[in-house]
Amino acid sequence: MIRLRREGVEAPADWRETVDAAFPDAAAFWKKAKAFEKLAEQGAKRKKGFTSYAPGVLPANRKGKRDFPAVWRAEACVRMAIAAMSHGFCAYCQSPVSSTHPGTRGKERPPGQVDHFRPKARFPAQAYDWNNYFLACMGCNVAKGDAWPSGGYVRPDDGEPGNRFVFMRSGAIRARKGDEQAKRTIKDLGLRRDWLTWHRGKAIERYLKYIVPLIGRPGFQLERLLIDGPDEFSEAINQNVRRVWAGGQRKRRKPSRARHRRGR
């Protein structure tokens, strides 16, 4: 996970009008949604979800089930904006979301899923809030589902989220010591998935293979070797580059025993 910037990610001027048009009675929906969010966040009613609390204010989908109208999916502008924010990579695991997507709908319909950071089942008043949207791969989005622990998860657009995780050269991930929110984020989003860990480790090794020979060469600074901005596994790669670079610098400064004996 790396810090994402929301500059330019804004809802169209007619977004609320578009959303309201998808409901049989928009005023009733917003009233019930706000009342629902006043309930205890970890209480039984909140955990059951909004569709159990007020199904009557939701339209029926094609299968006859009462549910939120997926305006975020129907309107291509949503996915285009959040895909640009994370450069087309999952906001959580930084894997390319296009790898398992057929990609048949062109640039206007980029791959990936629109994730509600605060799940709409628990926070219905934020179901159409663009600040609640991130691009996610299917693995992270499905794993996260409607879960919302006390204290929530690490937000990709808040502070420096990458500093709250430690990525090993193997691709493994762990939370910084004492960071329970980061630990829960790893667990609930499945950031230790076997194939994800494998691909992350392979990406780190590929990059280090290029970096290691450059350590100590004149004119090469660490900052020039780091990946700038969101990219495939960039936080995991950068952490390992810094670690290897620091190790290489220490070896250069430490005199060899043979040289020390000759000096005597």
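## The largest pocket

Helix 3 (44-48), helix 5 (71-74), strand 1 (113-116) and helix 7 (138-144) each contribute at least two residues to the lining of the largest pocket, and among the contributors strand 1 gives the most, with four residues. The structure described here is a predicted model, and the pocket in question has a computed volume of about 970 Å³.

In total, 29 residues line the largest pocket, and those lying nearest its centre are D67, A70, W72, R73 and K120. Sorted by class, the lining of this pocket consists of 12 charged, 10 nonpolar and seven polar residues.

## The enclosed cavity

Apart from the pocket, the structure holds one cavity of 30 Å³ or more, and the space inside the largest cavity comes to about 40 Å³. The lining of the largest cavity is made up of M1, Y92, C93, Q94, F167, I173, L191, R200, F233 and A236; by class, eight of these residues are nonpolar, one is polar and one is charged.

## Overall architecture and confidence

The protein has 12 helices and four strands, and of its 264 residues 44% count as buried. Among the contacts between residues at least 6 apart in sequence, 69% join residues that are at least 24 apart.

The mean pLDDT of the protein is 87, with 88% of the residues reaching 70 or more. Confidence is highest in helix 2 (residues 26-36), at a mean of 98, and lowest in helix 12 (residues 257-263), where the mean is 52. Over residues 99-104 the pLDDT is below 50, and this stretch has two contacts in the model beyond near neighbours in sequence.

## Helix 6 and its surroundings

In helix 6 (residues 76-85), the buried residues are V78, R79, A81, I82, A83 and M85, a set that includes the charged residue R79 alongside nonpolar ones. The elements that cover these buried residues include helix 1 (15-20), helix 5, strand 1 and strand 2 (133-136). Two of these elements, helix 5 and strand 1, also supply residues to the lining of the largest pocket. After helix 6 comes H87, whose phi is positive, near 60 degrees.

## Cysteines without disulfides

With a disulfide taken as a pair of cysteine sulfur atoms within 2.5 Å, the count for this model comes to zero. C90 is in no disulfide, and the nearest cysteine sulfur to it, that of C137, is 3.8 Å away. C140 is likewise in no disulfide, the nearest cysteine sulfur again being that of C137, at 3.7 Å. Because a pair must lie within 2.5 Å to be counted, neither of these separations, 3.8 Å for C90 and 3.7 Å for C140, meets the cut-off.

Both cysteines are in the interior by the measure of accessible area: C90 is buried, with a relative accessible area of 2%, and C140 is buried as well, with a relative accessible area of 0%.

## N238 in helix 11

Helix 11 (residues 234-253) contains N238, which is buried, with a relative accessible area of 5%. When residues up to four places away in sequence are left aside, N238 touches L226 and I227. Since residues under 20% relative accessible area count as buried, the value of 5% places N238 in that class.

How values were computed
Residues numbered from 1 in each chain as written. Predicted model: local features only at pLDDT ≥ 70, side-chain atom pairs only at ≥ 80, totals over all residues. Heavy atoms only, no water. Buried < 20%, exposed > 50% of the residue type's maximum accessible area, 1.4 Å probe, protein only. 1 Å grid on protein atoms, 1.4 Å probe; cavity = no way out; pocket = protein on both sides within 12 Å on 5 of 7 lines; lining within 4 Å. Points joined across faces, edges and corners; volume = space filled by probe spheres on them. Contact = heavy atoms within 4.5 Å. pLDDT = per-residue confidence, 0-100.
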